[in-house]
Amino acid sequence: MTSTKHIRCIDDLGKDGILEIMELSNHFLEVSNRRIPKVPALRGKTVAWLFYEDSTRTRLSFETAAKRLSADTMNFNVSSSSVKKGESLRDTVETISAMGVDAVVVRHKSVGVPWLLPKWTDASIINAGDGSHEHPTQSLLDCYTITQNLGDISGKRIVIVGDIKHSRVARSNIKAFTMLGASVALVAPPTLLPSSITNWPVDVVDDLDVAIKESDVLYLLRMQLERQKEALVPSLREYTKFYGLTARRSRNLQDSSIVMHPGPMNRGVEISGDAPDLPNAVITNQVENGVIVRMAVLYHLLGSGAIPTGLAPEDEADD
Ligand code: NCD
């Protein structure tokens, strides 16, 4: 296996690393389908969460993944911690580190925080989202979900729609999807495209109705209003009209294409109320795969290094 100490961005893994996580995920899919979905692979290891921004899916799936691998977890809640008393990021990380931790999963509104942490701890760092920069584990679970549903990513047309400018999911996904041989098209109001777009390996398509017809994957993004400092679209109603997956638009999807969304969804804005229930939608599948792929991520960083063939169930290992 390739050795990676941290997963802070897709480039920390590269194509080979992504493919290894996909392969490992197949093993953990088998574990997760067992009656007792738990193995002792990371017994004795401790994983801490450092979430300075809200999260439902990412945090819960990391927690479930760690527990299924029998790791100990250190739950840190910013809103009830000494951060509220003014403790700095450095002091918080050094405190957690002094208690003994093998991996820190961090989410922060500032770009680059995952790169600061190794100055203060020897633990492996996993980026669960740094501002609008990267969110590599979301991208890994998206790659896994596409491969599971379409057989391969290579040669597929992936259309990403919405607030690209503020989306760390889009940045990580564009890197990973193109590394794996997909062609990526972006559809967004010009005000929601970053100025650096000319250097990205993507096409920009103006008309969602045109892009939908040629998409194998339609990937919708949430309007990240919390990161927008000014009104970047005239109104949400206007946005939905041109960039939302409405019931009318969904009829132009190919039968074989899939609809994805990283969550949380704003039903009625980027996606119509019942679109998540379309046969093409794999949004719940993304959530299921979130646990499996994060098991693979934790095992990749903290495990023995060997492909875990024949993982013993928890009780058999208790000798
Ligand atoms: C995304 C995030 O936090 O970047 N959500 C997630 O991790 N599932 C996307 C979003 O917040 O819109």
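**The ligand pocket and some buried residues**

The space taken by the ligand is the largest pocket. The model is predicted.

Reader: Which residues are around the ligand?
Author: The list runs over several stretches of the chain. It includes Thr 58, Arg 107, His 135, Gln 138 and Arg 168. Val 169, Arg 222 and Gln 224 belong to it too. The list ends with Pro 262, Gly 263 and Pro 264.

Reader: By class, how many residues of the shell around the ligand are nonpolar, polar and charged?
Author: Gly counts as polar here. The shell has 3 nonpolar residues. Its other residues are 5 polar and 3 charged.

Reader: Which atom of the ligand is close to a polar backbone atom of Pro 262, and how many Å apart are they?
Author: A polar contact needs N or O atoms within 3.5 Å. The ligand atom is a nitrogen, and its distance from the polar backbone atom of Pro 262 is 2.9 Å.

Reader: What is the distance from Thr 58 to an oxygen atom of the ligand, and what is it for Arg 107?
Author: Both contacts use side chains. For Arg 107, an N or O atom of the side chain is 3.1 Å from a ligand oxygen. For Thr 58, a polar side-chain atom lies from a ligand oxygen at 3.0 Å.

Reader: How much of the ligand's accessible area does the protein cover?
Author: On its own, the ligand has 320 Å² of accessible area. The share covered by the protein is 94%.

Reader: Which peptide bond is cis, and where is Pro 264?
Author: Most peptide bonds are trans. The bond between Gly 263 and Pro 264 is cis, with omega about -5°. Pro 264 sits in the loop between strand 9 (258-260) and helix 10 (283-302).

Reader: What is phi of Ser 70?
Author: Most residues other than glycine have a negative phi. Ser 70 lies in the loop between helix 2 (57-68) and strand 2 (72-74). Its phi is positive, near 65°.

Reader: Is Ser 70 buried or exposed?
Author: Buried means under 20% relative accessible area. Ser 70 has 11%, so Ser 70 is buried.

Reader: Is Ser 257 buried or exposed, and which residue's backbone oxygen lies 2.9 Å from its side chain?
Author: Ser 257 is in the loop between helix 9 (247-250) and strand 9. Its relative accessibility is 2%, so Ser 257 counts as buried. A polar atom of its side chain lies 2.9 Å from the backbone oxygen of Gln 254.

Reader: Is Cys 143 buried or exposed?
Author: Cys 143 is in helix 5 (residues 136-150). Its relative accessible area is 0%, so Cys 143 is buried.

Technical notes: Residues are numbered from 1 along each chain as its sequence is written. This is a predicted model: local features need pLDDT of at least 70, side-chain atom pairs count only at pLDDT 80 or more; totals for chains, interfaces and linings use all residues. Side-chain values use heavy atoms; hydrogens and water are left out. A residue is near a molecule or strand if one of its heavy atoms lies within 4 Å of it. A polar contact is a pair of N or O atoms within 3.5 Å; within protein, one must be able to donate a hydrogen and the other to accept it, and residues adjacent in sequence count only if both atoms are side-chain atoms. Accessible areas come from the Shrake-Rupley method with a 1.4 Å probe; for residues, only the protein chains shown count as cover. On a 1 Å grid over the protein atoms alone, a cavity is a set of points where a 1.4 Å probe fits but cannot get out, and a pocket is an open set with protein on both sides within 12 Å along at least five of seven lines; lining residues have an atom within 4 Å of a point. A molecule sits in a cavity or pocket if more than half of its atoms lie within 2 Å of its grid points. Helices (H or I, at least four residues) and strands (E, at least two) are DSSP runs, numbered from the N terminus. Buried means under 20% relative accessible area, exposed over 50%, partly exposed in between (1.4 Å probe, protein chains only).
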